[in-house]
Amino acid sequence: MRDRAVPEPGHIVILTGAGVSAESGLGTFRDPGGLWSRHDWRDLVTPEGFARDPGAVLAFYDWRRERARAARPNPAHHALARIARDWPGTVTLVTQNVDDLHERAGQPEVIHMHGSHMAARCAACGHRWPAPAVMAPADPCPACAAAAARPDVVWFGETPQHMERIAAALRAADLFVSIGTSGAVYPAAGFAAAARAAGARTVELNLEPSENARIFDETHHGRASEIVPAWVAGILAAP
């Protein structure tokens, strides 16, 4: 284990999940009343569902994109932008979220492992472009003109994005912090163990203990808008 005080200029790797954006009005997935209690995920977030009914899937993502654009960053987003700005070492922020609230809070760089609502992608050539407010199955790709537009998000059964970059950050981490995640979805659920195996101290900030809470060296439970700013303030004030 590296120095438990996280020596400056230490490398902090932060993983955020749906719990960070929940207080901005963007619902979580698995909680009671969450999206999967109202929608069948097989129809909306799988390649097979898109193949069966692309119009329905695109309409679902149009709705989610509209809600994301209407949402506002909350104190947790702003606190994480603060630590990225003020920490004298390196901060790598990885998010499972597909909204842009981290960016709008001032986060200088965000690794979106599950893609982004704000982008479209061509299923034929891989070209990406800013997503319009409304997408249709016949929309042509700006690069190759194929009618193969889809949301630039990672569906179940697909490989998350930027995994080599994330793995390198986990190997270099002095401190790994998991915020607002269930600890149930891999590969993200394995990040804490990977960072710990590489010598990092691990911290969980979550509304309640995650499914893998036992592997963390330190845990703080409560509303993200309260516990994340408090944790950031403590880290930045530490000698």
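Contact here means heavy atoms within 4.5 Å. By that test, and leaving aside neighbours within four places in sequence, Pro-140 is in contact with Trp-129, Ala-145, Ala-146 and Ala-147. The model is predicted. Its chain holds 10 helices and 9 strands. The radius of gyration is 18 Å, close to the 18 Å that the globule rule gives for 239 residues, so the chain is as compact as a globular protein of that length.

**Overall build**

- Along the principal axes, the C-alpha atoms fill a box of roughly 55 × 35 × 30 Å.
- Of the 239 residues, 49% count as buried.
- Take the contacts with a separation of 6 or more: residues 24 or more positions apart account for 66% of them.
- The exposed surface of the chain is about 10,900 Å². Carbon and sulfur atoms supply 54% of that area.
- The side chains include 23 positive and 26 negative ones. The centres of these two sets lie 1 Å apart.

**Nonpolar cores**

- The largest nonpolar core has 20 residues. Those with the most contacts inside it are Ile-14, Val-177, Ile-179, Leu-205, Val-228 and Trp-231.
- Two or more residues of this core come from each of β1 (11-16), α6 (75-86), β7 (175-179), β8 (201-206) and α10 (224-237).
- The most comes from α10, which gives 5 residues.
- Val-228 touches Ala-76, Ala-79, Leu-80, Ile-179 and Leu-205, with residues up to four places away in sequence not counted.
- Another core, of 18 residues, lies apart from the largest one. Among its members are Leu-58, Val-98, Met-135 and Val-153.

**Unusual backbone**

- Most residues other than glycine have a negative phi, and most peptide bonds are trans. The next three cases depart from that pattern.
- Tyr-186 and Pro-187 are joined by a cis peptide bond, with omega about 10°. Pro-187 sits in the loop between β7 and α9 (191-197).
- Ala-145 is not a glycine, yet its phi is positive, at about 70°. Its place is the loop between β5 (128-130) and β6 (149-153). With a relative accessibility of 55%, over the 50% cut-off, Ala-145 counts as exposed.
- His-162 also has a positive phi, near 65°, and is not a glycine either. This residue lies in the loop between β6 and α8 (163-172). Its relative accessible area is 39%, so His-162 is partly exposed.

**A buried loop residue: Gln-96**

- Gln-96 lies in the loop between β2 (90-95) and α7 (101-104).
- Its relative accessible area is 16%, so Gln-96 is buried. The cut-off for buried is under 20%.
- Gln-96 and Thr-16 are 80 residues apart in sequence. Their C-alpha atoms are 6.2 Å apart in space.
- Gln-96 touches Leu-15, Thr-16 and Gly-17, and also Met-113 and His-114. Thr-181, Val-185 and Ala-188 complete its list of contacts, which leaves out residues up to four places away in sequence.

**The β5-β6 loop: Pro-140**

- Pro-140, like Ala-145, is placed in the loop between β5 and β6.
- Pro-140 counts as exposed, because its relative accessibility is 52%.
- Pro-140 and Leu-207 are 67 residues apart in sequence. From C-alpha to C-alpha they are 42 Å apart in space.
- One of the contacts of Pro-140 is Ala-145, the residue with the positive phi.

**Other loop positions**

- Phe-156 is found in the loop between β6 and α8, as is His-162. At 36% relative accessibility, Phe-156 counts as partly exposed.
- Phe-156 and Thr-202 are 46 residues apart in sequence and 27 Å apart in space, C-alpha to C-alpha.
- Pro-88 belongs to the loop between α6 and β2. Its relative accessible area is 47%, so Pro-88 is partly exposed.
- Pro-88 and Ala-146 are 58 residues apart along the chain, and 46 Å separates their C-alpha atoms. Ala-146 is also one of the residues in contact with Pro-140.

Technical notes
Residues are numbered from 1 along each chain as its sequence is written. Side-chain values use heavy atoms; hydrogens and water are left out. Helices (H or I, at least four residues) and strands (E, at least two) are DSSP runs, numbered from the N terminus. The radius of gyration is taken over C-alpha atoms; the globule rule is 2.2 Å times the number of residues to the power 0.38. Buried means under 20% relative accessible area, exposed over 50%, partly exposed in between (1.4 Å probe, protein chains only). Accessible areas come from the Shrake-Rupley method with a 1.4 Å probe; for residues, only the protein chains shown count as cover. Lys and Arg count as positive and Asp and Glu as negative; His and the chain ends are not counted. The place of a charge is taken as NZ of Lys, CZ of Arg, CG of Asp or CD of Glu. A nonpolar core is a set of buried Ala, Val, Leu, Ile, Met, Phe, Trp, Tyr and Cys residues joined through side-chain atoms within 4.5 Å.
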